[in-house]
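Student: I would like to go through this model and learn how each label is earned. Please set the values against the definitions as we go.

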Amino acid sequence: MTLNITPLSPSLGAIVGGIDLRQPLTDANQQAIEQALLAHQVLFFRAQPIEPQQQARFAAQFGDLHIHPLYPNIPEQPEVLVLDTAVTDVRDNAIWHTDVTFLPTPALGAVLAAKQLPAYGGDTLWASSSAAYEALSKPLQQLLDGLTATHDFTRSFPLERFGNTPEALAHYHEVQRTHPPVIHPVVRTHPVTGRKGLFVNDGFTNRINELEAAESDALLRFLFAHSTRPEFTIRWRWQENDVAFWDNRITQHYAVDDYRPARRVMHRATILGDVPV
């Protein structure tokens, strides 16, 4: 198959056609998708009714898969987590975030499949962290290049939402024990392209370590707002069986929670990455 790649905006985003993700990738198509991901940061595939096993197989061609410590998953395919608004409180997705930056090796990327959608609403936005960094003044870039930040899973997954039964409470404390806060650079260099991008997000970043608390709060508020300016973003209106594949090392995303009481069901396979530098 020959892939058709249609860019969607100057900052990020492209639609990829001419491929069936239910089938194993050829080496040529795997390399073409990887190059498109590096160039466009988030890719969209229409009309892809993939099953969880097929989704995991596709994602695993790009790296090892992560099993989320809190979200439910497909029992026979635990690497595929389930975001179902009828089952789980998914409010943490309705905030600008980069996935699992509470890990020492945050995700390389993720593959998200739309399984059940509201009649309207429920869009997802992505933002280019590299476009945001490159738009900063040189003095501010130089300041940020030398800073680190603390990321903590409890910022998006608070106890009051995930510890409401004795069993859930015990599990939550075990997850908290095995996932202590981690430190990452405020500016990350992409391990393949060498492009720099902001690596702080409202979902998991608590503070900038080298600054006083008031300075950290003020700078993080600015960076969170700056990173999601419209010119750095794209908004995707889902259709059933759409699949999105994004580079988590250089983007943030936001799932718009505007469709209640309608139901929205998504499946996600998360690809582990490396230590940010």
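Student: Which residue in strand 13 is the bridge partner of His-151?

Tutor: The partner of His-151 is Thr-205, in strand 13. Before we go on, remember that this is a predicted model: local features need pLDDT of at least 70, side-chain atom pairs count only at pLDDT 80 or more, and totals for chains, interfaces and linings use all residues. Residues are numbered from 1 along each chain as its sequence is written, and side-chain values use heavy atoms, with hydrogens and water left out.

Student: How do you know that strand 9 and strand 13 are paired?

Tutor: Strands pair if DSSP finds at least two bridges between them. Strand 9 (residues 148–151) and strand 13 are joined by 3 bridges and run antiparallel, so they meet the definition of a pair. The strands themselves are DSSP runs of E with at least two residues, while helices are runs of H or I with at least four; both are numbered from the N terminus.

Student: Why is the sheet with the order 10-9-13 called open, and what are its edges?

Tutor: This open sheet has 3 strands with antiparallel pairing. Strand 10 (182–185) and strand 13 (205–208) each have a single partner strand, so one side of each has no neighbour in the sheet. Neighbouring strands are turned by 35 degrees against each other on average, direction ignored; the axes are lines fitted to C-alpha atoms, and angles run from 0 to 180 degrees between N-to-C directions.

Student: What makes Gln-41 count as buried?

Tutor: Buried means under 20% relative accessible area, exposed means over 50%, and partly exposed is in between (1.4 Å probe, protein chains only). Gln-41 has 2%, so the residue is buried. Gln-41 sits in the loop between helix 1 (27–40) and strand 3 (42–45), and its phi is near 75 degrees, a positive value in a residue other than glycine.

Student: How does Asn-241 count by relative accessibility?

Tutor: At 22%, Asn-241 is partly exposed. Asn-241 also has a positive phi, near 75 degrees, without being glycine, and lies in the loop between strand 14 (233–236) and strand 15 (243–247).

Student: What makes the link between the side chains of Asp-145 and Lys-196 a polar contact?

Tutor: A polar contact is a pair of N or O atoms within 3.5 Å; within protein, one must be able to donate a hydrogen and the other to accept it, and residues adjacent in sequence count only if both atoms are side-chain atoms. The two side chains are 3.2 Å apart in this contact, so the distance fits the cut-off. Asp-145 belongs to helix 4 (residues 138–145) and is partly exposed at 34%.

Student: Which residues does Asp-145 touch, not counting those up to four places away in sequence?

Tutor: Contact means heavy atoms within 4.5 Å, and Asp-145 touches Tyr-133, Val-187 and Lys-196. Val-187 is 42 residues away in sequence, but the C-alpha atoms are 5.6 Å apart.

Student: Why is Gly-273 called partly exposed?

Tutor: Its relative accessible area is 28%, which puts Gly-273 in the partly exposed class. Gly-273 lies in the segment after strand 17 (265–272) and, beyond four places in sequence, is in contact with Thr-105, Pro-106, Ala-107 and Leu-108.

Student: What makes the peptide bond from Arg-260 to Pro-261 stand out?

Tutor: That bond is cis, with omega near 5 degrees. Pro-261 is in the loop between strand 16 (251–255) and strand 17.
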